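Please look over the sequence and the model below, and keep both in view while reading the explanation that comes after them.

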Amino acid sequence: VQLQASGGGLVQAGGSLRLSCAASGRTFSNYAMAWFRQAPGKERKFVATISRGGYRTSYADSVKGRFTISRDNAKNTVYLQMNSLKPEDTSVYYCAAANSYVLYAGGMDYWGKGTQVTVSS
């Protein structure tokens, strides 16, 4: 599976962004999809994941209630709607695909290149 994330940018605190991740190469609906983020000098951290059919989602505590993960299997795309952004959300955001529903980076099977999100105070 090839994954291409987009939608990052610079936003003020309190603002919103929507990230997209387009998949190609294999049957998108066969994979759980996830978002991770990595700040400079820090390890990559789980943000959110969604099941193959989109009926189950999980979130990191730090984003719960502010971020929403969704997917459109007809468009082979997963989204991350980010609201009420905070400066500490500043990171490179990565989408990933997994054969099973997991919440850790080591469980992912495919990774896309990241997209930078910068939140100014």
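The paragraphs below go through a disulfide, a strand and its neighbours, a polar contact, two loop residues and a pocket.

Before starting, keep in mind that this is a predicted model, and that residues are numbered from 1 along the chain as its sequence is written. A good place to begin is with the cysteines, since a disulfide is a covalent bond between the sulfur atoms of two cysteines. A search of the whole structure finds 1 disulfide, and the two residues that form it are Cys 21 and Cys 95, whose sulfur atoms lie 2.0 Å apart. The link joins distant parts of the chain, for Cys 21 sits in strand β3 (residues 17-24) and Cys 95 in strand β9 (residues 91-98), with the two positions 74 residues apart in numbering. The angle about the S-S bond is 55 degrees, and the link of Cys 21 and Cys 95 is right-handed. Are these two cysteines buried or exposed? Both Cys 21 and Cys 95 are buried.

Strand β9, which holds Cys 95, also leads to the next part of the picture, for β9 and β11 run antiparallel and are joined by 3 bridges. Within this pairing, Val 92 stands opposite Gln 116 in β11. Strand β11 has another partner as well, because β2 (residues 9-12) is joined to β11 by 4 bridges, and these two strands run parallel. Here Gly 9 has Val 117 of β11 as its bridge partner.

Which residues of β11 belong to its covered face, and which to its uncovered one? In a regular strand the side chains alternate between the two faces of the sheet. In strand β11 (residues 115-120), the covered face consists of Thr 115, Val 117 and Val 119, while the uncovered face consists of Gln 116, Thr 118 and Ser 120. The bridge partner of Gly 9, Val 117, therefore belongs to the covered face, whereas Gln 116, which has Val 92 opposite, belongs to the uncovered one.

A single side-chain contact can be followed in another strand, β6 (residues 57-59), where Ser 58 is found. The side chain of Ser 58 makes a polar contact with the side chain of Tyr 101, at 2.7 Å. Ser 58 has a relative accessibility of 17%, so this residue counts as buried, the cut-off being under 20%.

Two loop residues deserve a careful look at their backbone angles. Asn 76, in the loop between β7 (67-72) and β8 (77-82), has a positive phi of about 55 degrees although it is not a glycine. Ser 84 lies in the loop between β8 and β9, and its phi, near 50 degrees, is likewise a positive value in a residue other than glycine. Asn 76 is partly exposed, with a relative accessible area of 27%, and Ser 84, at 41% relative accessibility, also counts as partly exposed.

The last stop is the space left between the atoms. Rolling a probe the size of a water molecule over the atoms shows where empty space is left. The largest pocket has a volume of about 210 Å³ and a lining of 14 residues, with Arg 37, Ala 39, Lys 45, Glu 88 and Ser 91 lying nearest its centre. Which strands each supply at least two residues of this lining? They are β4 (32-38) and β5 (45-50), and β5 gives the largest share, 3 residues. Sorted by class, the lining holds 5 nonpolar, 4 polar and 5 charged residues.

Notes. Predicted model: local features only at pLDDT ≥ 70, side-chain atom pairs only at ≥ 80, totals over all residues. Heavy atoms only, no water. Disulfide = S-S within 2.5 Å. Buried < 20%, exposed > 50% of the residue type's maximum accessible area, 1.4 Å probe, protein only. 1 Å grid on protein atoms, 1.4 Å probe; cavity = no way out; pocket = protein on both sides within 12 Å on 5 of 7 lines; lining within 4 Å. Points joined across faces, edges and corners; volume = space filled by probe spheres on them. Nonpolar A, V, L, I, M, F, W, Y, C, P; charged D, E, K, R; others polar. Pairing = 2+ DSSP bridges. Polar contact = N/O pair within 3.5 Å; in protein donor to acceptor, adjacent residues only side chain to side chain.
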